[in-house]
Amino acid sequence: MSVSKALKSSKLVSWKPVRTGRLQQTLAGCVERNGVGLHSGKVSSVRLWPELASRGRYFEFRCRSIPAAIEFAQISPLCTSLSKDGFRIRTVEHLLSALEASGVDNCRIEIEAFDDKEIDAEIPIFDGSAREWVEAVEEVGLAVATDLDGNCVEKMAPHVNEPVCAWRNDSFVVAFPSPAVQITYGINFPQIALSRTFCIYEEIEPMRNAGLIKGGSLKNAIVCSSSKGWLNPPLHFIDEPCRHKILDLIGDLSMVAQSGNQGLPVAHIVAYKGGHALHADFARRLIGMSGKSNMLTMVAEKLFF
């Protein structure tokens, strides 16, 4: 068994084995899904391929490789994107959440957009959750990942050493040292409740005018009117609003992963009124990066999250 590559630690985080003998994993085979992007409204094809140990998760688009790492995160209104060398992959959070939670540590994610002139692509939204991606992983199963020499690699996880927090206004994400992963998420939306991928009916036209939700429909989003209530109930779960925020949080924090190791920190994570930009700020603090999201993202999250 090989030792994992050198990991970037900060005073806030120490990398430790996930469990005694726990090894990095990958997919046991290739699986493909096709669908429409929520914001672009365009069809793309996504193939998930097995990958060698310590390679981690990364996207391949137009013969370019874009690591699923916080260093390449670009927070756009209503989604998380990855960008490198002028090429961008949008709405990655649900796919990454499914891979992180399912234990797919190493994976080549090949994306094909059907317009050869496009320099960006969007992950399909499906029903607005991560269900399709979890089912795709279950379809082919998992296998122990090995390196070029045929050696397996012990899986490591980032453990929080002391409290760390990211906040803006009355929203925050904070992590406390804990022997296991725990997530507590609170929301407060006085106008309506949050849901899967969701939409306020009165905001549909402004968002479309801004070039967003071109692929949105009643099949992939819950729509609520401030005067008429839910337009396409029911919710999947009574606590679906918080479940979906946790789904997004896991996807965003998965980008802390390095060299095929766990991204989600071992800690008790408490979040209140968070969003993609705040999740990313928190992830950057964990690994000692500086920089915050731009004002456009802050305004967008205030309006739509």
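A polar contact is a pair of N or O atoms within 3.5 Å; within protein, one must be able to donate a hydrogen and the other to accept it, and residues adjacent in sequence count only if both atoms are side-chain atoms. One such contact, of 2.8 Å, joins the side chains of threonine 184 and histidine 268. The model is predicted: local features need pLDDT of at least 70, side-chain atom pairs count only at pLDDT 80 or more, and totals for chains, interfaces and linings use all residues. Residues are numbered from 1 along each chain as its sequence is written, and side-chain values use heavy atoms, with hydrogens and water left out.

The average pLDDT (the predictor's confidence in each residue, from 0 to 100) is 84 for the protein, and 76% of the residues score at least 70. Residues 291-305 have a pLDDT below 50; beyond near neighbours in sequence, this stretch has 31 contacts (heavy atoms within 4.5 Å) in the model. Where pLDDT is low, the predicted coordinates should not be read in detail.

The protein has six helices and 20 strands. Helices (H or I, at least four residues) and strands (E, at least two) are DSSP runs, numbered from the N terminus. Of the 305 residues, 54% count as buried. Buried means under 20% relative accessible area, exposed over 50%, and partly exposed in between (1.4 Å probe, protein chains only). Among contacts between residues at least 6 apart in sequence, 76% join residues at least 24 apart.

Threonine 184 lies in strand β16 (residues 182-186). Threonine 184 is partly exposed, at 39% relative accessible area. Not counting residues up to four places away in sequence, threonine 184 touches His268, Ile269, Val270 and Ala271. Alanine 271 is 87 residues from threonine 184 in sequence, yet their C-alpha atoms are 6.3 Å apart in space.

Helix α1 (residues 93-102) is largely enclosed by the rest of the structure, because eight of its 10 residues are buried. The buried residues include Glu93, His94 and Glu100, along with Leu95, Leu96, Ser97, Ala98 and Leu99. Glycine 103 follows α1 and has a positive phi, near 85°.

At the surface, Val36, Val43 and Phe114 make a nonpolar patch of about 260 Å². Such patches are made of residues with over 30% relative accessible area and no salt bridge (a side-chain nitrogen of Lys or Arg within 4 Å of a carboxyl oxygen of Asp or Glu); like charges are joined within 9 Å, nonpolar side chains (Val, Leu, Ile, Met, Phe, Trp, Tyr) within 5 Å. Accessible areas come from the Shrake-Rupley method with a 1.4 Å probe; for residues, only the protein chains shown count as cover. Valine 36 sits in strand β3 (residues 31-36) and is partly exposed, at 34%.
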